[in-house]
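User: Please take a close look at one helix pair in this model and describe how the two helices meet. After that, add what can be said about where two of the chains touch.

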Amino acid sequence: MAGARYIADPESAVAQVALDGLSVLFHAPSGTTHVLAAPAPEILGVLREGPADAAELLRRLRARFELGSEAGEEAIRARLDELETAGLVRRA
Amino acid sequence: MNGGSDEEGTGGSGREPAGGGFAPSRRAVLVIGAAAASTVITVRPALAQTAGSVLNCEIPIPQPAAGGSYIAPDGTLVAPGTQGAAPPLGRPLRGEEVKALLRSGTVPAGVDPTSAQAYAHYIRRLQAGMSGFTCYASLQMPR
Amino acid sequence: MRHGLDLRIGPVAFRIGSAWPGPLDALAKLYAGYPTPEDGLCDFTVRLEPGKPWRRFVRPSVAIRGDYVLPDAVPMVLAHGLLAAEMGMNLQMALGQKSYLLLHAATVEKDGRALLMTGESGAGKSTLAALLGERGWRLLGDEFALLDLVSGALHPFPRAVSLKNGAIAVLEAEVEAARFGPRLEGTPKGAIRHLRPNADALARMDEPARPALILFPRFGAAAAVRGVGQAEVFVRLTQASTNYVALGRRGFDGLTGLVRKVPALAIDYPDAETAIGLVEDFRRELAA
């Protein structure tokens, strides 16, 4: 059964800058700034392709990146929880 | 010395764009990591340390509007005389005292050590509009 | 208000009003040689008022008011009126400045390269900046760094340096008496004495500088130097800024621009001379 689906704001709503291995991101709708470590920015990036649940996001990430065999949905869901708390994604 | 970086775009993985119609010869590695990891930190500046040189402030414990309420160990207000609760503090705490109390548990002069924790929790629970809140915010305590 | 003084410090003009003449006399003397605002237009107002009406005469106490106020502030004794005026100006900047990104930092410049020193209160930034100001560096300010959000340059804001306790004697040994304000005892921070920046700093207060190095000095340990990652610098600078959040996207762009272009170091230092030696080493490296 599919898990909760999430939506991310479009690229135009955020400003993102790489700073030595981390990303700092300004979210215009809320005016807040966040510091993100991998894989949070990459999850946001593939989520912008369209609303998705953790399983779908994992598929999109596998298509774009070399993921370790241990990469699982549980970790993706944990990242989505964090991004939701930060106000960067919301439930569809 | 660290030099500035000119890279724009998402951090960490650095990838080549996938071309339409053919598979890229190499994809970047992305470590998904453990579920328990923390990867999103929200920046929450307070009034910032400059206020420390701006302002000599005080926090009354509890605020005058509390009318003699006692302070439970978790910092909430309870009826006067409640078992195990701390009495109102006879004098307001100065900003420097609050900073030391919250940062390293230093008990302010003349304060009962068994009550100090309750007072600390009371301070941490202060909301905008309550007497002492702007003083607390100006001490730049992370939430 | 009974008494008033208009002052321009770098790009910011203040009108300071007072119910008592004493604090403004001291302020005018400390800021001798500073320009007056053009056309009398001021950006911020500070008012030194009696906390309660009778406090104008009976055990006079000075409440700091102005365009911006902090409700929990405790009034100060009249003897510390000069300090109240300085704190009032800090408060207006901290809460009202929107044209520049404000960083709680001391800034000095030499050979066109500016050094930004930031970190915890009490780390000795003001003292170091004041000393460097007497050793061939130009003092841009010891309290606030003003970052131009478009050009990325630092604008001078050369207020009087606020020296505390032990630092007072250190500077008294190097600087002539005429540049000092009165010694104030028993303030919330101990003894304070204000020091006017030198003639060069005043003459060039409208000349911005390019930031070349961000420094996080920490007093007390044996001399040590380490690099600081950009993300850490960024977060630490948001904590050192009073208006980063209020500036929104402009603040984000300005601060990320600064952090990406300017290297950062953390230094531990056991005494001022060691710190100054390290700073001169960095300056020579940057010039090479």
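Analyst: H3(C) and H8(C) cross in the right-handed sense. In this predicted model, helix H3 covers residues 125-133 of chain C and helix H8 covers residues 272-287 of chain C. Their axes lie 10 Å apart, and the packing angle is about 65°. On the H3(C) side, the contact is made by C:Thr127, C:Leu128, C:Leu131 and C:Leu132. H8(C) answers with C:Ala272, C:Ala275, C:Ile276 and C:Val279. Sorted by class, the residues of this contact are seven nonpolar and one polar, with no charged residue. C:Thr127 is the polar one, because Thr is not in the nonpolar or charged lists.

The other part concerns chains A and B. Their contact draws 34 residues from chain A and 25 residues from chain B. On chain A, the elements that give two or more residues to the side touching chain B are strands S2 (14-19), S3 (22-27), S4 (32-36) and S5 (66-67), together with helices H1 (40-47), H2 (54-64) and H3 (73-85). H3(A) supplies the largest share of that side, six residues. By class, the side of chain A that touches chain B holds 19 nonpolar, eight polar and seven charged residues.

Strand pairing also links the two chains: S5(A) pairs with strand S1 (residues 29-30) of chain B. The pairing is parallel and runs over two bridges. Within S1(B), B:Val29 is the bridge partner of A:Glu66.

Technical notes. Residues numbered from 1 in each chain as written. Chains lettered and ligands numbered in written order. Predicted model: local features only at pLDDT ≥ 70, side-chain atom pairs only at ≥ 80, totals over all residues. Contact = placed C-beta atoms within 7 Å. Helix = DSSP H or I, 4+ residues; strand = E, 2+ residues; numbered from the N terminus. Pairing = 2+ DSSP bridges. Axes fitted to C-alpha atoms, helices over the stretch in contact; angles between N-to-C directions. Left-handed = near helix turned anticlockwise from the far one by under 90°.
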